[in-house]
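Welcome! Let us take a friendly walk through a protein, going from charged pairs to helices, strands and cysteines.

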Amino acid sequence: MSVERNDCDISKLFMWGREFTFVGNDEKEVKVFIRLIGDAELNRARVYALRCSSDLRHKLKDTNSDERLAFIPDNDSVEKPILVEAITAMSIREFAQEAVKEVDIPYPTEPESDAPLEKHEKYQELVDAYPKKRETKLEAVITKKTDKKRKELQELDKDALFNLYEGYIISELCENEMLRKFREFCTYCGIFRDERYTEKLFSSLAEFQNLPVAIKEKFLSSYRELEIEQDSLKK
């Protein structure tokens, strides 16, 4: 996280659409137009993604489903030390989120515009050092939480560990599925044939999803470039 204000490109606030060119199956370049979607379509994307995530969760909990066989190993095939380390590793993101809330490092106070030059220099030094200072404190908190978690897990029996592991795996897979489907739906809704954004390029979501992976990823990447990260938006 940077607190440097001068590195924020405000032009992104006005760049809600762009032209995009991709190479089709016939090796010819195809020009299309991509724009950020509105609230109504965002809500549709969210509902669709939640349904997909819920469907996957049910399948992963079904002991006879192909999805469970593909993603969740059998209890007997995993040793206890591996379960401990796997659960610890999957807990790190949760610890990072907690650390962000717990670690409070005040932003450097900007001097008045007519303050001596030396004060402005000192302020810039503090701004430049802020990300590393914050990162160091966050790492210390996360490491402490991780060590504590590992010790707690080592006290559990293997069945309890496997149940925890299964829960973490299912949660992570479903979260990834939800995010992937959400982005696909947003991108599908935001692609048009014309620069006035009136004629959609794809007749259905399935048509977009069945694109060759390389082409679909380019569309997804192009849409993401229009989005503004939360930290940048705050600036």
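A salt bridge here is a side-chain nitrogen of Lys or Arg within 4 Å of a carboxyl oxygen of Asp or Glu. The idea behind it is simple: side chains of opposite charge can pair when their charged atoms come close. The model in front of you is predicted, and by that definition it holds 15 salt bridges. We will come back to a few of them once the overall layout is clear.

Start with the broad view. The protein chain has 235 residues, of which 32% count as buried. Its secondary structure comes to eight helices and three strands. If you follow the chain from the N terminus, the elements run β-β-α-α-α-α-α-β-α-α-α. Two strands therefore open the series, and another strand turns up after five helices. How much do contacts reach across the sequence? Among contacts between residues at least 6 apart in sequence, 70% join residues at least 24 apart. As for the outside, the chain exposes about 15900 Å², and carbon and sulfur atoms supply 50% of that area.

Now look for the strands. Strands of a sheet pair through backbone hydrogen bonds, either parallel or antiparallel. In this model the three strands form an open sheet in the order E1-E2-E3, with antiparallel pairing. Strand E1 (17-23) and strand E3 (191-192) are the edge strands, each pairing on one side only. Between E1 and strand E2 (residues 29-35), the antiparallel pairing extends over seven bridges. To find one of these on screen, pick phenylalanine 22, whose bridge partner in E2 is valine 30.

With the sheet located, we can return to the charged pairs. Which residue does glutamate 67 meet in a salt bridge? Its partner is lysine 59, with the closest N and O atoms 4.0 Å apart. Glutamate 67 is partly exposed, at a relative accessible area of 24%, and lysine 59 is also partly exposed, at 32%.

Another salt bridge joins the side chains of arginine 93 and glutamate 175, at 2.8 Å from N to O. This pair links distant parts of the chain: arginine 93 sits in helix H3 (residues 80-102) and glutamate 175 in helix H5 (residues 158-189), 82 residues apart. Arginine 93 counts as partly exposed at 47% relative accessibility, and glutamate 175 does too, at 37%.

Helix H5 also takes part in a salt bridge between lysine 216 and glutamate 184, whose side chains meet at 3.4 Å, N to O. Because lysine 216 lies in helix H7 (residues 213-226) and glutamate 184 in helix H5, the pair ties together parts that are 32 residues apart in sequence. Are these two residues buried or exposed? Lysine 216 counts as buried at 11% relative accessibility, and glutamate 184 is buried at 3%. Salt bridges that share partners join Glu177, Arg180, Glu184 and Lys216 into one network.

Finally, consider the cysteines. A disulfide is a covalent bond between the sulfur atoms of two cysteines. How many disulfides does this model contain? The count comes to zero. Why is cysteine 189 not bonded to cysteine 186? Their sulfur atoms are 7.0 Å apart, which is too far for a bond, since the cut-off for a disulfide is within 2.5 Å. Both residues are buried: cysteine 186 has a relative accessible area of 2%, and cysteine 189 has one of 1%.

Note on methods. Residues are numbered from 1 along each chain as its sequence is written. This is a predicted model: local features need pLDDT of at least 70, side-chain atom pairs count only at pLDDT 80 or more; totals for chains, interfaces and linings use all residues. Side-chain values use heavy atoms; hydrogens and water are left out. Two strands pair if DSSP finds at least two bridges between them. Helices (H or I, at least four residues) and strands (E, at least two) are DSSP runs, numbered from the N terminus. Buried means under 20% relative accessible area, exposed over 50%, partly exposed in between (1.4 Å probe, protein chains only). Contact means heavy atoms within 4.5 Å. Accessible areas come from the Shrake-Rupley method with a 1.4 Å probe; for residues, only the protein chains shown count as cover.
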